[in-house]
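Here are a few exercises to work through with the coordinates open. Try each task before you read its solution.

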Amino acid sequence: MDRNHAKKICLLPDMKMLDQMVAIGENTKIASHLYKVGFDSAGLAKILKPGHFLQVAVTDTYDPFLRRPYTIYRVKGSRLEILYHVVGRGSDILARKKRGDTLKVMGPLGNIFKINKNRINVVVGGGIGIAPFIFLGQKMRIDHFLMGARSKDGLLPRAEVGALWKKARFSTEDGSAGTQGFITRCLEEVIRETKDAKRIYLYACGPTPMMKAVMQMAAKYGIEGEASVEERMACGVGACLGCVAETRDGYKTSCVEGTVFTFDKLIL
Amino acid sequence: MNKTSAKKNKKSADLTVKIGNLVFKNPVTVASGTFGTSDEYAGWIKYEKLGAITTKTVTRKPRQGNVMPRIYETPAGMLNAIGLQNKGIDEFIEHKIPYFSKIKTHLIVNIAGESVEDYVELAKRLDPFKEVSAVELNISCPNVKKGLEFCAKPELAHEVVKAVKEVTRHPVFTKVSPEAHDFLGVTEACVKAGSDALTAINTLKGMAIDVAGRRPRLATAFGGLSGPAIRPIALRYVYEIKKHFDIPVIGTGGIMTAYDALEFIVAGAHMVASGTANFVNPRASMEILEGIEKYLKENNIASISNLRGTLRVEGRKEEMPAG
């Protein structure tokens, strides 16, 4: 199927939400534990912002039953990219998809990252949690790009990081690349090297223990920031209340009121 | 009218459904808990096209719900243990009901309590509102303490339905549970107490386990199983209710497509509600409605009522063969 053949399923005139069948343009392994899938959607490309996610149906048979939430990794023209790793049946099916195969994608969903012009913007991604920061880097100057993973197999390769490479620091738990240990070691380095650490604004996305450690460090140094949480989701539109995150104002839906929450609100 | 347009404009079937004094423009609604309490799906479908909107359960006091994790995907469905998270009746009246004042379809408000008093109080609070068309008593939530209590014994079901009927002018629908040990007894009690319709079924209690971690997948260990996995069970219950009692039924349980919905209508359901389907396809309810309409038209069925309860069971035995 021609990749431009993507069929528009639903677009209400006054609404910006789309649920589209799209044809895969490329689906490649970019590191031994990382894959990316790209497809064209001019409609979505125009309205997506860093932090947004899509609810993706990897089959049209409701098997696996639920859609999978995937954050936007990169937008180039009308081409959208999603970064993923294989963790279960859904992502396993996705990894086997070929160019021309279809996906149903619904979005844009969730809130977005704050765009800061006059701060020292530091992004901290753990594993697959690095994904939204490539897109963020397309829309905003990033001063420090920190990426942690269990081993080098989970790190984005240089070709994917592009111009941000010279601002990048890495950590791996097994020491196979970058600093050995958790990404907070790199973060502490950055904070200590920065003259006016209060000017730092942190963006965090990754496993809960990592985000918790980042938030603790931010609190220690009096640094502001926000985190994109990852919860299991069903509906993605705030109806099922299955994905709530705990905040100082009670439970909030991570699909509509998140996925991005500021550090001062989020309780991990 | 010329020949071509006559052919094209084959008369649309009559989709209207009557339950008591309420006339629904079509038989499609949504299941409580799967559609939020106000505009959650407004970006995807036009609410007024549906026969009714059914809200997520409202309780007297705000409830923060159960701890996380609350959901888990299972074969052909999912488990949930949300725990009736909602902002309570005061907030519902102040902020949610006004949203529906301009939406020209019926609003069914689902309520739950821990005592007869709670249900009565909730029904009383909703009584003045013309935006509310019916109240649905959730006596079948498996995810909260006492959630299933009123479904546990026919006497209790009778007591709560009767008490609510006495204080409200709104029609009362009762949502029943397949977990009830004496399902038909509970059903009969609801009918005798004056329930205007029954909604069948709520979820079934289920469980999933993370083997590596030796932990239940849900924080509450058990959750309500929904989705196509429970559709055959829901269908059987709807059929059984209709076989024994003359009461309108809103059939719900794993309805994903118009075909699924038609099964329930043939079994005798007045209305059908898409539930978990809304989570995976935000337009599920609309597609079901369009599909039902198309089916009736294509099969020259003039009215949905001509299809309702037309199941033929001659030559089919309900009982399992002995041995």
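**Exercise 1: a surface patch on chain B**

B:Ile209 sits in strand S12 (residues 209–210) of chain B. Keep in mind throughout that this is a predicted model.

Task: work out whether B:Ile209 is buried or exposed, or something in between, and which nonpolar patch it belongs to.

Solution. Start with the relative accessible area of B:Ile209, which is 48%. Buried needs a value under 20% and exposed one over 50%, so B:Ile209 comes out as partly exposed. Next, look at the patch: B:Ile209 joins B:Met207, B:Val211 and B:Phe222 in a nonpolar patch on the surface. Together these residues have about 400 Å² of accessible area.

**Exercise 2: the salt bridges of A:Arg79**

Task: find which residues form salt bridges with A:Arg79, and say how far apart the partners are in sequence.

Solution. Take A:Glu26 to begin with: its salt bridge with A:Arg79 has the closest N and O atoms 3.9 Å apart. With a cut-off of 4 Å, that pair counts as a salt bridge. The two residues come from distant parts of the chain, A:Arg79 from strand S7 (residues 79–84) and A:Glu26 from strand S2 (residues 18–31) of chain A, 53 residues apart.

Now turn to A:Asp40, whose side chain meets that of A:Arg79 at 3.3 Å, N to O. A:Asp40 lies in strand S3 (residues 34–40) of chain A and A:Arg79 in strand S7, so this pair ties together parts 39 residues apart in sequence.

Finally, check the burial. A:Arg79 has 15% relative accessibility and therefore counts as buried. A:Asp40 is buried too, whereas A:Glu26 is partly exposed at 25%.

**Exercise 3: more salt bridges**

Task: how many salt bridges does the structure hold over all chains, and what is the N to O distance for A:Arg141 and A:Asp143?

Solution. The count over all chains is 35. For A:Arg141 and A:Asp143, the closest N and O atoms are 2.9 Å apart. A:Arg141 itself is partly exposed, at 40% relative accessibility. There's also a network in chain A, in which salt bridges with shared partners join A:Lys36, A:Arg74, A:Glu81 and A:Glu160.

**Exercise 4: two helices in chain B**

Task: describe how helix H3 and helix H5 of chain B are arranged.

Solution. Two packed helices are described by the angle and the distance between their axes. For H3 (residues 116–126) and H5 (residues 154–167) of chain B, the axes come within 9 Å and cross at roughly 25°. That makes H3(B) roughly parallel to H5(B). As for handedness, H3(B) passes H5(B) in a right-handed crossing.

Key. Residues are numbered from 1 along each chain as its sequence is written. Chains are lettered from A and ligands numbered from 1 in the order in which they are written. This is a predicted model: local features need pLDDT of at least 70, side-chain atom pairs count only at pLDDT 80 or more; totals for chains, interfaces and linings use all residues. Side-chain values use heavy atoms; hydrogens and water are left out. Helices (H or I, at least four residues) and strands (E, at least two) are DSSP runs, numbered from the N terminus. Buried means under 20% relative accessible area, exposed over 50%, partly exposed in between (1.4 Å probe, protein chains only). Patches are made of residues with over 30% relative accessible area and no salt bridge: like charges are joined within 9 Å, nonpolar side chains (Val, Leu, Ile, Met, Phe, Trp, Tyr) within 5 Å. Accessible areas come from the Shrake-Rupley method with a 1.4 Å probe; for residues, only the protein chains shown count as cover. Axes are lines fitted to C-alpha atoms, for helices over the stretch in contact, and angles run from 0 to 180 degrees between N-to-C directions. Angles under 35 degrees count as roughly parallel, over 145 as roughly antiparallel, 65 to 115 as roughly perpendicular and the rest as oblique. A crossing is left-handed if the near helix is turned anticlockwise from the far one by less than a right angle, and right-handed if clockwise.
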